[in-house]
Amino acid sequence: MLVDSHCHLDFPELADRFDAILENMAANDVSRALCVCVTLPDFPRVLALAERDARLHASVGVHPDSVDTVEPDVETLVGLAAHPKIVAIGETGLDYYREPADDEALRRRLRETQQQRFRVHIRAARATGKPLIVHTRSASADTIRILREEGADQCGGVLHCFTEDWETARAGLDLGLHVSFSGIVTFRNAEPLRQVAAKVPIDRLLVETDSPYLAPVPHRGRTNEPAFVRHVAERVAELKALPLTELADRTTENYFTLFKILQ
Ligand SMILES: [Zn+2]
């Protein structure tokens, strides 16, 4: 049994294919998927998807790259997270990858917004006891610093779609976080990331698609979907020198434990 710990079934590429997506999951022994929210206006649609099928759960949060959107506060996140289908806070975090290179003032303002929003999510996670889904890209040092400052070890969570170095993974693990790998781990140029994946302890490891993006080899370049998490798991199993069945069972167990979902 496999699970997809992070997908976006509400995005337009996938929204019209709900039944086919669930059929493909079943055909590939993918028994659960977590529908991750990226803006508050999207939240009702994300929750509605999760309510349609027992195999789906959802999160509530605002992605660091979401600009000109409704800014979340702790109270709002805590209120929305009270629904039993909501098992995590996020995705949240920091992403400095796409920031404007030539406008220092704007860059500073964007970073401040992301950091404040990130702190709000960590406080909401602590208040609800639900784990964080953390997105971090080109912002490792600030991500780890803020997780520490806000006491993220109290709520736990996952560094999702992990692409950073071992030092960052190690710092996250030290805070009690899980680390999740996406289809990127199957890409030809991802050898450094594969070395990181090989080192993450099996009891902290998750696999995900981040669909509709980042389809793993052999589907690279096409629309991704939860069924393809199988290819991610196959590659990670090789790296951990485990049979696929064991990697699948362990990552599934981690999913149920981290998100406190009853089997
Ligand atoms: Zn995502």
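**Close-up views of a zinc site, a loop and several salt bridges**

Asp210 has a relative accessibility of 9%, so this residue counts as buried (buried means under 20% relative accessible area, exposed over 50%, and partly exposed in between, with a 1.4 Å probe and protein chains only). These legends describe a predicted model, in which local features need pLDDT of at least 70 and side-chain atom pairs count only at pLDDT 80 or more, while totals for chains, interfaces and linings use all residues. Residues are numbered from 1 along each chain as its sequence is written, and side-chain values use heavy atoms, with hydrogens and water left out.

**View 1. The zinc ion and its donors His6, His8, Glu91 and Asp210.** The coordinating atoms are NE2 of His6, NE2 of His8, OE of Glu91 and OD of Asp210, at 2.1 to 2.5 Å. Donors here are N, O and S atoms within 2.8 Å of the metal (3.2 Å for Na, K and Ca); water is not among the atoms, so sites may look incomplete. The arrangement is irregular because the four donor atoms subtend angles of 86 to 175° around the zinc ion. For that label, four donors would be tetrahedral if all angles lay between 85 and 135 degrees; four would be square planar and six octahedral if opposite donors were over 155 degrees apart and all others between 65 and 115; anything else is irregular. Along the chain, the donors follow the spacing H-x1-H-x82-E-x118-D. Glu91, in strand β4 (residues 86–95), and Asp210, in the loop between β8 (205–207) and α9 (229–239), link distant parts of the chain, 119 residues apart. Helices (H or I, at least four residues) and strands (E, at least two) are DSSP runs, numbered from the N terminus. Glu91 counts as buried because its relative accessibility is 2%.

**View 2. Backbone details in the loop between β8 and α9.** Pro212 sits in this loop, and a cis peptide bond with omega of about 15° joins Ser211 to Pro212. Pro218 has its place in the loop between β8 and α9 too; the Val217 to Pro218 bond is cis, with omega near 10°. Leu214, also found in the loop between β8 and α9, is a residue other than glycine with a positive phi, near 60°. Its relative accessible area is 28%, so Leu214 is partly exposed.

**View 3. A salt bridge between Glu225 and Arg17.** The two side chains meet at 2.7 Å, N to O. Glu225 lies in the loop between β8 and α9 and Arg17 in the loop between α1 (12–15) and α2, so the pair ties together parts 208 residues apart in sequence. A salt bridge is a side-chain nitrogen of Lys or Arg within 4 Å of a carboxyl oxygen of Asp or Glu. Glu225 is buried at 4% relative accessibility, whereas Arg17 is partly exposed at 29%.

**View 4. Salt bridges within helices α5 and α8.** In helix α5 (residues 104–128), Arg107 and Glu104 are three residues apart, about one turn of the helix, and their side chains meet at 2.6 Å, N to O. In helix α8 (residues 191–199), Glu191 and Arg194 are also three residues apart, so about one helical turn separates them; their closest N and O atoms are 3.0 Å apart. Glu191 is partly exposed at 39% relative accessibility, while Arg194 is buried, with a relative accessible area of 5%.

**View 5. A network of salt bridges.** Arg119, Arg123, Asp142, Arg145, Glu149 and Glu150 are linked here. Across the whole structure, a search finds 19 salt bridges.
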